[in-house]
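Colleague: Mind if I quiz you on how you label things in this one? Put it up on the screen and I'll start asking.

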Protein chains: 2
Amino acid sequence: MIFEEIAKDTVERVYGAIASIIMGRDGIALSQYLKEGVDIDLETIGIEYANLLSEISKVTESIGSGVTQEVNILTDNYLILLRSISPEYFIALVLSPDGNFGKGRYLLRVSVPKIKAEL
Amino acid sequence: MIFEEIAKDTVERVYGAIASIIMGRDGIALSQYLKEGVDIDLETIGIEYANLLSEISKVTESIGSGVTQEVNILTDNYLILLRSISPEYFIALVLSPDGNFGKGRYLLRVSVPKIKAEL
């Protein structure tokens with residue numbers, strides 16, 4: 001299935017990437033992939049970021065910034081890349097803080113039309 | 001004053017950058033700079049993103065991601081780069097969507113110790 005392939009591919013092709021999830025803004029995952037040996041609660045993380053993305057989208061629209069396409073969050077422990085697919089869906093990639101930011105952003109961007117075509 | 005210099009320097013040295021603000025999480029600006037001819041309500045944008053940054057920080061800490069260092073938001077109309085300076089302060093850079101993302105991130109990162117030294 002294309003969603004599984006994209007989730008896996010995104011993780012395996014980016015240095016430092018550990019997990020990926022394609023998710024609805026309602027918190028229901030379409031597909032997810034965790035690198036072997038990684039122990040994180042990806043679904044909980046996804047749900048929290050789904051909420052944040054909705055919150056961020058509301059704010060950016062209210063100040064006339066238009067639709068939110070992408071959000072990247074760097075924390076002490078992770079780099080989290082979020083890319084909006086449609087008003088209902090997004091894809092998230094979790095990397096270690098020193099992961100390849102540019103390639104992660106690029107792969108998420110090019111995954112959007114592929115995912116959209118299957119929705 | 002160093003804050004003014006950093007705010008101006010960050011905007012003038014990055015392709016596509018239009019405004020910069022150094023702000024407290026309480027919404028009070030230490031310094032801001034707008035490129036000539038730019039008409040945006042930087043203080044309102046700053047306050048909205050101050051709130052978002054606090055919201056994002058709460059979520060990332062609650063899921064064990066540690067402290068939020070950086071948030072980048074790409075919308076239809078702007079690219080907004082936020083960098084945490086301390087638990088109380090952050091710096092924001094507003095660019096056009098095609099602005100130089102990498103250089104913006106870099107200049108914000110290196111500005112942090114300079115700003116911290118003056119707080």
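What follows is a short back-and-forth on the labels used for this predicted model.

Colleague: Why is Asn72(A) called buried?

Modeller: Buried means under 20% relative accessible area. Asn72(A) has 1%, so it counts as buried. Its place is in strand β3 of chain A, residues 68–75.

Colleague: What makes the Asn72(A) and Glu70(A) pair a polar contact?

Modeller: The cut-off for the N or O atoms is within 3.5 Å. The side chains of Asn72(A) and Glu70(A) make theirs at 3.1 Å.

Colleague: And which residues of chain B is Asn72(A) in contact with?

Modeller: Leaving aside neighbours within four places in sequence, its contacts include Glu70(B), Val71(B), Asn72(B) and Phe101(B). Asn72(A) is also the residue of chain A that comes closest to the rotation axis, at 2.5 Å by C-alpha.

Colleague: How do you know that the two copies are related as by a two-fold rotation axis?

Modeller: A turn of 180 degrees, with a shift of 0.0 Å along the axis, lays chain A on chain B with an RMSD of 0.0 Å. The copies are therefore related as by a two-fold axis.

Colleague: Why say that the copies meet through the same surface?

Modeller: Because 100% of the interface residues of chain A are also interface residues in chain B.

Colleague: What about Ala50(A), buried or exposed?

Modeller: Buried, because its relative accessibility is 0% and the limit is under 20%. Ala50(A) is in helix α2, residues 42–62 of chain A. Beyond its neighbours within four places in sequence, Ala50(A) is in contact with Gly24(A), Arg25(A) and Phe90(A).

Note on methods: Residues are numbered from 1 along each chain as its sequence is written. Chains are lettered from A and ligands numbered from 1 in the order in which they are written. This is a predicted model: local features need pLDDT of at least 70, side-chain atom pairs count only at pLDDT 80 or more; totals for chains, interfaces and linings use all residues. Side-chain values use heavy atoms; hydrogens and water are left out. Helices (H or I, at least four residues) and strands (E, at least two) are DSSP runs, numbered from the N terminus. Buried means under 20% relative accessible area, exposed over 50%, partly exposed in between (1.4 Å probe, protein chains only). A polar contact is a pair of N or O atoms within 3.5 Å; within protein, one must be able to donate a hydrogen and the other to accept it, and residues adjacent in sequence count only if both atoms are side-chain atoms. Contact means heavy atoms within 4.5 Å. Copies are superposed by least squares on the C-alpha atoms of residues with pLDDT of at least 70 in both.
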